[in-house]
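Me: Please take one part of the structure shown below and examine it closely, beginning with the interior. I am a first-year student, so kindly explain each term when it appears.

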Amino acid sequence: MEQSKSNQINWFSEYTNTAQKVEKTGQYQPLIEWYDQNYEIFEGGTYAAKKCCQFLHQHIGHSSNLAILDLGCGTGDQGRILSEMGVKGSFYGIDMSLGMLESAKSKGLYKELKQSILPEIPYPDNTFDIVISAGTLCTPGNAPPQSLLEMIRVTKSAGILCFSYRQHWFENEESGWKKIHEEMLETGLMKQLLFKVDNYSMERDISGLFFLCQKC
Ligand SMILES: C[S@@+](CC[C@H](N)C(=O)[O-])C[C@H]1O[C@@H](n2cnc3c(N)ncnc32)[C@H](O)[C@@H]1O
């Protein structure tokens with residue numbers, strides 16, 4: 001569907017307003033509706049979601065039988081996008097919001113959905129071939145940087161981690177993300193396969209960092 005740039009900006013402002021309300025009130029329903037409407041209108045999720053999925057797809061192609069964990073799965077857009085791309089596997093999702101999980105469940109694509117607050121990931125060590133997280137990590141007020149250690153823990157050896165960060169928050173020492181991310185690379189717990197700086201959202205001035213890493 002054709003949409004003008006100004007319409008896209010309106011949608012983004014609407015998102016920003018509802019997201020801020022969620023932070024204050026914990027009321028997720030308008031944001032859930034925003035995600036579902038956005039998916040239909042802009043053909044496939046937010047910028048961060050689409051870019052993470054493209055990055056992952058570029059690397060894994062049409063591999064099958066993968067166990068894929070989606071952290072901060074929200075309304076299930078990663079499951080939708082990856083399935084549409086032809087990625088075959090079992091999708092597992094965790095999110096702190098029950099409303100988001102209900103919406104993800106309604107898509108019928110996830111084998112298991114669990115409520116959990118990052119950094120806690122309620123799965124045993126070395127469980128997943130792939131861990132993906134779009135729009136959730138390294139964002140003020142969301143998951144703490146220790147989440148990265150947990151992500152590595154639940155990923156199988158040589159498994160893939162694909163995720164986005166907000167660049168300004170990564171570069172802000174207070175967030176602690178850069179320190180932990182670099183430690184994971186320096187200590188050889190993971191290695192970087194692909195990296196890209198790109199738009200994170202429909203607003204040009206929000207820049208995102210997109211990573212594809214491998215557990216060593
Ligand atoms: C911006 S949304 C992204 C949703 C989805 N990944 C996408 O790209 O469409 C961020 C999601 O992360 C979840 N979230 C934020 N902080 C979290 C935490 N500490 N633990 C678990 N989920 C969290 C929110 O509930 C929300 O569903």
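Reply: The largest nonpolar core has 53 residues, and those with the most contacts inside it are Cys52, Leu56, Val131, Ile132 and Cys162. A nonpolar core is a set of buried Ala, Val, Leu, Ile, Met, Phe, Trp, Tyr and Cys residues joined through C-beta atoms within 7 Å. A residue is buried if 20 or more other C-beta atoms lie within 10 Å of its own, exposed if 12 or fewer, and partly exposed in between, with C-beta atoms placed from the backbone. The model is a predicted one, in which local features need pLDDT of at least 70 and side-chain atom pairs count only at pLDDT 80 or more, while totals for chains, interfaces and linings use all residues. Residues are numbered from 1 along each chain as its sequence is written.

The greatest contribution to this core comes from helix H3, which gives eight residues. Helices (H or I, at least four residues) and strands (E, at least two) are DSSP runs, numbered from the N terminus. In soluble globular proteins, nonpolar side chains tend to be buried together.

Consider Cys52 in detail. Leaving aside residues up to four places away in sequence, Cys52 touches Ile132, Ala134, Cys162, Phe163, Ser164 and Phe210. Two residues are in contact if their C-beta atoms, placed from the backbone, lie within 7 Å.

Two of these partners of Cys52, Ser164 and Phe210, lead to the strands. Phe210, in strand E7, is the bridge partner of Ser164. E7 pairs with strand E5 (residues 155-166) in the antiparallel sense over seven bridges. Strand E6 (residues 190-199) also pairs with E7 in the antiparallel sense, over nine bridges, and within that strand Cys213 is the bridge partner of Gln192. Strands are said to pair if DSSP finds at least two bridges between them. Seven of the nine residues of E7 (residues 207-215) are buried, so the strand is largely enclosed by the rest of the structure.

Helix H3 also leads to the ligand. There, 21 residues surround the ligand, the closest being Ala49, Gly72, Gly74, Leu118 and Gly135. H3 (47-60) and helix H4 (77-85) are the elements that give two or more residues to this shell. A residue belongs there if its C-beta atom, placed from the backbone, lies within 6 Å of the ligand. The shell divides into 10 nonpolar, nine polar and two charged residues; Ala, Val, Leu, Ile, Met, Phe, Trp, Tyr, Cys and Pro count as nonpolar, Asp, Glu, Lys and Arg as charged, and the others, Gly among them, as polar.

Leu118 has a further feature: a cis peptide bond joins Leu118 and Pro119, with omega about 20°. Pro119 has its place in the loop between strand E3 (110-115) and strand E4 (128-133). Asn126 lies in the loop between E3 and E4 as well, and has a positive phi of about 50° although it is not a glycine. Most residues other than glycine have a negative phi, and most peptide bonds are trans. With 12 C-beta neighbours inside 10 Å, Asn126 counts as exposed.

Finally, the setting of the core is the whole chain, which has eight helices and seven strands. Of its 216 residues, 38% count as buried. Residues 24 or more positions apart account for 69% of the contacts in the chain with a separation of 6 or more.
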